[in-house]
Amino acid sequence: MSVRNPRIRHLRAYTVDAQGGADYHDQPAGHWIDDHIATPMSVYPEYRQSRQSFGIDVLGSLVVEAEADDGTVGFAVTTGGEPAAWIIENHLARFVEGAPAAGLERIWDQMYRSTLFYGRKGLVLNAISGVDLALWDLLGKLREQPVHALLGGPVREEQVFYATGARPDLAESMGFIGGKMPLRHGPAEGEEGLRANVEAMTSMRERVGDDFFLAYDCWMSLDVPYATRLGHRLAGQGVRWIEEALPPDDYWGYAELRRNLPPGMLTSTGEHEAGRLGFRLLLDMDCADILQPDVGWCGGLTELVKISALADAHGKLVVPHGSSVYSYHFVITRHNSPFAEFLMMAPQADEVVPMFSPLLLDEPVPVGGRLTLPDTPGFGVRLNPECALRRPFQH
Ligand SMILES: C[C@H](O)[C@H](O)[C@@H](O)[C@@H](O)C(=O)O
Ligand SMILES: [Mg+2]
């Protein structure tokens, strides 16, 4: 069998006008994901009730297409919208076009080094991730292999999932192994808020079985004293981990919190961290038991492979944040990623719907909390032709 290894002739970045998609925080009113959820902005009463009120959905979805000179097209979706599209078209495309489709490492390195003067994390790494994932999809299609095969192949037959959403009790009945709820109140909401946070978890524990794990997602909203008190008030309730309690740059705080939490209650973070050096800091400083890179934000699959190897060498789990099919292809190939996250995108978290709906076709979802990935080449998904793409900048 001959190996097709053409060059990349075109890189294109699009935005999408539809709601939802890769920017899954962009949902209609009444959706659980935009209900009263604790955030760093909860210190301001006027921004407590809705995350959209402070702009959680301003970026929008990004679609990146990479076309090889034999006409094969790979693509990926993530968040980033117009600002990321601008970076890709005006800056990153030069490192991709003309390069061999199998030259992922060199392309990644050039994108990263050339943007260091304004990048390193955040939006620029979103853009790099989008390009990197599109290139993995392209390579899989050229090689006629699923991405998980390019990564070394599955280490297990099927993937099990925990669910994130407002209704872990319903998730349990759907077959998920655990449920993670958003914390609703931040420190500025005082003792009453703390009591409500504890009561919400206590009542959820009463509604689920003893073997079903629960976790609290704090979305960067707390400080060390509050998170420590919350952890101790929840002791004995089968709370497996306290997630992203602090701002992502507070490595010192995470290390302290990890020491403070009651035995058996783990610390997790990394959803808003990027790059192997960011994760190295989390590991070196003993900040967390579980790392949660988002493959659409942390630098893509090329970087996630390195982050995961570092974590593995430190005996830590990597349970990637969301990112749908892009993380499933990775998780199935690694022993230190024993389960995956599924974000419940149904407005009331009462049914399983594809996370990036309506943007992708063939997006796999867990059934009974489990998933066997198909062997379709690349990531095995297609763009939904009903979602109109717009290319705001063309190089
Ligand atoms: C539910 C959380 O507040 C976020 O919306 C979600 O993106 C995330 O933090 C997660 O871990 O899934
Ligand atoms: Mg989270």
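Guide: In this discussion, donors are N, O and S atoms within 2.8 Å of the metal, with water not among the atoms. The model under discussion is predicted.

Visitor: Which protein residues are the donors of the magnesium ion (ligand 2)?

Guide: The protein donors lie 1.9 to 2.2 Å from the ion, which falls within the 2.8 Å cut-off. They are OD and OE atoms, and the residues that provide them are Asp217, Glu243 and Glu271.

Visitor: How are these donor residues of the magnesium ion spaced in sequence?

Guide: The series begins with an aspartate, and two glutamates follow. Written as a pattern, the spacing is D-x25-E-x27-E.

Visitor: How many residues apart in sequence are the parts that glutamate 243 and glutamate 271 tie together?

Guide: Glutamate 243 belongs to strand 7 (residues 239–243). Glutamate 271 is in the loop between strand 8 (266–269) and helix 9 (275–284). The pair therefore links parts whose separation in sequence is 28 residues.

Visitor: What is the distance between ligand 1 and the polar side-chain atom of glutamate 341?

Guide: Tyr24 and Glu341 are among the closest of the 14 residues that surround ligand 1. For tyrosine 24, a polar side-chain atom lies 2.6 Å from a ligand oxygen. For glutamate 243, an N or O atom of the side chain is 2.8 Å from a ligand oxygen. For glutamate 341, the corresponding distance to an oxygen atom of ligand 1 is 2.5 Å.

Visitor: What percentage of the area that ligand 1 exposes when taken alone does the protein bury?

Guide: Ligand 1 sits in the largest cavity. Taken alone, ligand 1 exposes 320 Å², and the share of this that the protein buries is 100%.

Visitor: How many residues in the shell around ligand 1 are charged?

Guide: The shell includes five nonpolar and three polar residues. The charged residues number six.

Visitor: Which residue follows serine 357 across a cis peptide bond?

Guide: Most peptide bonds are trans. The bond from serine 357 has an omega near 5° and is cis. Its partner is found in the loop between strand 11 (340–343) and strand 12 (360–361), and that partner is proline 358.

Visitor: What phi does serine 324 have?

Guide: Most residues other than glycine have a negative phi. Serine 324, placed in helix 11 (residues 324–331), is not a glycine, yet its phi is positive, at about 45°.

How values were computed
Residues numbered from 1 in each chain as written. Chains lettered and ligands numbered in written order. Predicted model: local features only at pLDDT ≥ 70, side-chain atom pairs only at ≥ 80, totals over all residues. Heavy atoms only, no water. Near = heavy atom within 4 Å. Polar contact = N/O pair within 3.5 Å; in protein donor to acceptor, adjacent residues only side chain to side chain. Areas by Shrake-Rupley, 256 points an atom, 1.4 Å probe, with all protein chains shown as cover. 1 Å grid on protein atoms, 1.4 Å probe; cavity = no way out; pocket = protein on both sides within 12 Å on 5 of 7 lines; lining within 4 Å. Sits in = over half its atoms within 2 Å of the grid points. Nonpolar A, V, L, I, M, F, W, Y, C, P; charged D, E, K, R; others polar. Donors = N, O, S within 2.8 Å, 3.2 Å for Na, K, Ca; no water. Helix = DSSP H or I, 4+ residues; strand = E, 2+ residues; numbered from the N terminus.
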